[in-house]
Amino acid sequence: MRRLFTAIGIALSMLVSVWADDFLNLCPDCGREAAESALVCPACKARMPAAGRVVTAAPKPVAEPVAAPAPAAFDPTVDSIQREMTEKGRDLLASQPAEAWYFIQNARAMALLPGAPDPESRRTVLIGFEKQAEAAMQSGEPPCAACGGSGKRSVTFKQYGGIAVEPRSPVSGLACPVCNGKGRLARPFTAEEQRLRKTLGRRLFDDAMRQQGFRRAGRGYLSESIEKGLKATERARFLQAFEMPCEVCAGLAFSDCASCRGMGSIRCTNRSCSEGKVEKKTIKYNRTVIEEETCPVCDGKSVLPCGKCRETGRITCKTCSGSGLARICSRCKGAGLSDCSTCRGTGADRAGGVCAKCEGDRQALCAQCAGEGRLVK
């Protein structure tokens, strides 16, 4: 019985559809009914066909793909400056990696300028140089704090009765247990050390660019002729190629652990421990003899692993949540651009000509972040 009712329903719906096509004047766009004499649909105002004709919706025209804008002509000035900055950064990788990092980052940002050559080989080279500079800034071999860089264990010579006859001094043949006699420790620099290195590198980079007559553009530098010819969108693209560092961690994404001061280890908690040794008093020949033994707490290393940072020496920055970047501009949502205030984003003035402020670009730099997309105090 259910199947019979289903079949009857299908047949009735088909009959109604055929009757509607033959006797109803339906709009081809919205499908609503109109009077037989109506020339325009009362709902969507579309043109109505003749009454009694079966109407099929007209096929929508296929939009032709918009041709991409032609690339800007090759600019030899941009190419030469980019090459000079790349070579300067490469030469400074060994001696001043922080300064080299700023030169390479400026050269990579110039690849986004109009007229700049951007072959894949050059881009690959710049990224490789940038990674080398970052690795050199983050790690090194500072002097060992336990032995002061001498690589030798310090010993105090004493005689019977516990009276010291010589101050604690390095002894040849006894290697420092912390650095194994090397005098230096291969470890990552602390956040404070990295911040100081980046600050010094930035200062050297700024001085070098000013001496050559370049003008400051955000966190980078451009020549006066190149900067004057940039539109708002091109300038914002250049400005946002630089990393906008967090105001608290300076772009490192972490800070030093307060317990170990970024070293990853703390001094031995045994108060009797002195450079991994403890004094043991014994009586021999009716005299008190002081002997040194290995500290049972630190096993002679004079330091213990820091439990707060798990020996990393780092605590994730709470301000940027470990991203190392400044907060996004709330006005432009990180785009660095807004509609031109003169033409309201139309690119034309009231007379129909090109807007004098944005030069037809329709957009201007964000007034809050100056085109950088992020806010740094």
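User: Hi! Quick one to start: which helix is Ile226 found in?
Analyst: Hello! Ile226 sits in helix 6, which covers residues 224-228. Keep in mind that this is a predicted model.

User: Thanks. Is Ile226 buried or exposed?
Analyst: Ile226 has a relative accessible area of 8%. Buried means under 20%, so Ile226 counts as buried.

User: And what is Ile226 in contact with, leaving aside its neighbours within four places in sequence?
Analyst: With those neighbours set aside, Ile226 touches Thr77, Val78, Ile81, Met110 and Leu113.

User: How far apart are Ile226 and Pro114?
Analyst: Between their C-alpha atoms there are 9.6 Å in space, while in sequence the two are 112 residues apart.

User: Let's talk cores. How many residues does the largest nonpolar core have?
Analyst: That core has 33 residues, and Met110, Leu113, Leu222 and Phe238 have the most contacts inside it. At least two residues each come from helix 2 (76-91), helix 3 (97-110), helix 4 (120-138), helix 5 (191-211), strand 8 (220-222) and helix 7 (232-239).

User: Which helix gives the most to this core?
Analyst: Helix 3 does, with nine residues.

User: Nice. What about Phe238, which residues is it in contact with, again leaving aside neighbours within four places in sequence?
Analyst: Phe238 is in contact with Asn106, Ala109, Met110, Leu113, Ala217, Gly220, Tyr221 and Leu222 once those neighbours are left out. There is also a second, separate core of six residues, and Cys273, Val278, Cys295 and Leu304 are among them.

User: Switching to a charged residue: where is Asp206, and is it buried or exposed?
Analyst: Asp206 belongs to helix 5. Its relative accessibility is 10%, and it counts as buried. Neighbours within four places aside, Asp206 is in contact with Arg216 and Tyr221.

User: Now pockets. What volume does the largest pocket have?
Analyst: The largest pocket comes out at about 850 Å³. It is lined by 31 residues, and Val178, Leu185, Met263, Ser265 and Val303 are the closest to its centre.

User: Which elements give two or more residues to that lining?
Analyst: Those are strand 6 (187-188), strand 10 (265-267) and strand 13 (303-305). Strand 10 provides the largest share, three residues.

User: Last one, I promise! How do the lining residues of the largest pocket divide into nonpolar, polar and charged?
Analyst: Happy to help! The lining of the largest pocket has 16 nonpolar residues, nine polar ones and six charged ones.

Notes
Residues are numbered from 1 along each chain as its sequence is written. This is a predicted model: local features need pLDDT of at least 70, side-chain atom pairs count only at pLDDT 80 or more; totals for chains, interfaces and linings use all residues. Side-chain values use heavy atoms; hydrogens and water are left out. A nonpolar core is a set of buried Ala, Val, Leu, Ile, Met, Phe, Trp, Tyr and Cys residues joined through side-chain atoms within 4.5 Å. Buried means under 20% relative accessible area, exposed over 50%, partly exposed in between (1.4 Å probe, protein chains only). Helices (H or I, at least four residues) and strands (E, at least two) are DSSP runs, numbered from the N terminus. Contact means heavy atoms within 4.5 Å. On a 1 Å grid over the protein atoms alone, a cavity is a set of points where a 1.4 Å probe fits but cannot get out, and a pocket is an open set with protein on both sides within 12 Å along at least five of seven lines; lining residues have an atom within 4 Å of a point. Grid points are joined across faces, edges and corners, and a volume is the space filled by probe spheres set on the points. Ala, Val, Leu, Ile, Met, Phe, Trp, Tyr, Cys and Pro count as nonpolar, Asp, Glu, Lys and Arg as charged, and the others, Gly among them, as polar.
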